[in-house]
Amino acid sequence: MKLQRTQNLSQRTSGFTQSTRGFTLVELMIAILIGLFLTAGLLTLVQAMKRTTTSQSGLSQLQDNQRLAMSLIANAVQSSGYFPSPLVNTAATIFPLTTVAPIFAAGQSMTGGHTSATVPDTIVMRYSTLGGDNVMNCAGTTSAAPTTWTATLNIDVANQNLQCVLFNSATNITTTVQLVNGVTNMQI
């Protein structure tokens, strides 16, 4: 009986060592290959998501710039021709004839220019304010003193910006304000 027990123990031990012998080199190489394939797929997904996020961010910025530009242009156009006290003043007295560029007829409050499809258009507006009446210019500011503003909206082609050139008739100061970046053309 003792001999049988030793054989059984020997069979158990040899069976145990055979089942825990490990992986072969081929099995390890296949496992590494599968792991590399999965890692490459994951990296491809991460890069695609990063490109998509960058693209969406750029489109969002473009839409914000477009919305801002349209809002500023709309506000400037709506202010064009405004003058205080229409019962006392007339458009011809507030907006006199100009003989230097931009040329306006008496009472005219808006003009513009279109030279060709490749050259950006320019729009020039005049309006008057009494000061403190919260009429905004194209730079988004108001005037505390009475003045007549001439606002020119155009494209700074060299820097690709929509800009507003403001002339304050009360102070004879011209101010250029960059409104929106990345604008290459404007057709009105």
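This passage describes helix α2, the strands β3, β4 and β5, and the disulfide and salt bridge of a predicted model.

Residues are numbered from 1 along each chain as its sequence is written. Because the model is predicted, local features need pLDDT of at least 70 and side-chain atom pairs count only at pLDDT 80 or more, whereas totals for chains, interfaces and linings use all residues, and side-chain values use heavy atoms, with hydrogens and water left out.

Helix α2 spans residues 25-79, where helices (H or I, at least four residues) and strands (E, at least two) are DSSP runs numbered from the N terminus. Ser79, which lies in this helix, has a relative accessibility of 12% and therefore counts as buried; buried means under 20% relative accessible area, exposed over 50%, and partly exposed in between, with a 1.4 Å probe and protein chains only. When residues up to four places away in sequence are not counted, Ser79 touches Arg126, Tyr127, Val135 and Met136, contact being defined as heavy atoms within 4.5 Å. Phe37, also placed in helix α2, counts as exposed because its relative accessibility is 65%. Together with Val26, Ile30, Ile34 and Leu38, Phe37 makes a nonpolar surface patch of about 550 Å². Patches are made of residues with over 30% relative accessible area and no salt bridge, like charges being joined within 9 Å and nonpolar side chains (Val, Leu, Ile, Met, Phe, Trp, Tyr) within 5 Å; the accessible areas come from the Shrake-Rupley method with a 1.4 Å probe, and for residues only the protein chains shown count as cover.

The structure holds 1 salt bridge, a term that denotes a side-chain nitrogen of Lys or Arg within 4 Å of a carboxyl oxygen of Asp or Glu. The partners are Asp64 and Arg67, whose closest N and O atoms are 2.7 Å apart. Because these two residues are 3 residues apart in helix α2, about one helical turn separates Asp64 from Arg67. Asp64 is partly exposed, with a relative accessible area of 36%, whereas Arg67 is exposed at 54%.

Strand β4 (residues 161-168) has 7 of its 8 residues buried, so this strand is largely enclosed by the rest of the structure. Strand β3 (residues 147-156) runs antiparallel to β4 and is joined to it by 8 bridges, two strands being taken to pair if DSSP finds at least two bridges between them. Within this pairing, Ile155 has Leu162 of β4 as its bridge partner, and the two strands form a hairpin with 4 residues between them, in whose turn Gln160 has a positive phi of about 55°. Strand β5 (residues 173-181) pairs with β4 in the antiparallel sense over 8 bridges, with Gln163 standing opposite Gln178 in β5. β4 and β5 likewise form a hairpin with 4 residues between them, and Asn172 in the turn has a positive phi of about 55°.

Leu166, found in strand β4, is buried, with a relative accessible area of 4%. Leaving aside neighbours within four places in sequence, the contacts of Leu166 include Cys138, Trp149 and Ile173. The C-alpha atoms of Leu166 and Val124, 42 residues apart along the chain, are separated by 9.7 Å.

A disulfide, meaning a pair of cysteine sulfur atoms within 2.5 Å, joins Cys138 to Cys164 with an S to S distance of 1.5 Å. The pair links distant parts of the chain, Cys138 in the loop between β2 (122-129) and β3 and Cys164 in strand β4, 26 residues apart. Both Cys138 and Cys164 are buried.
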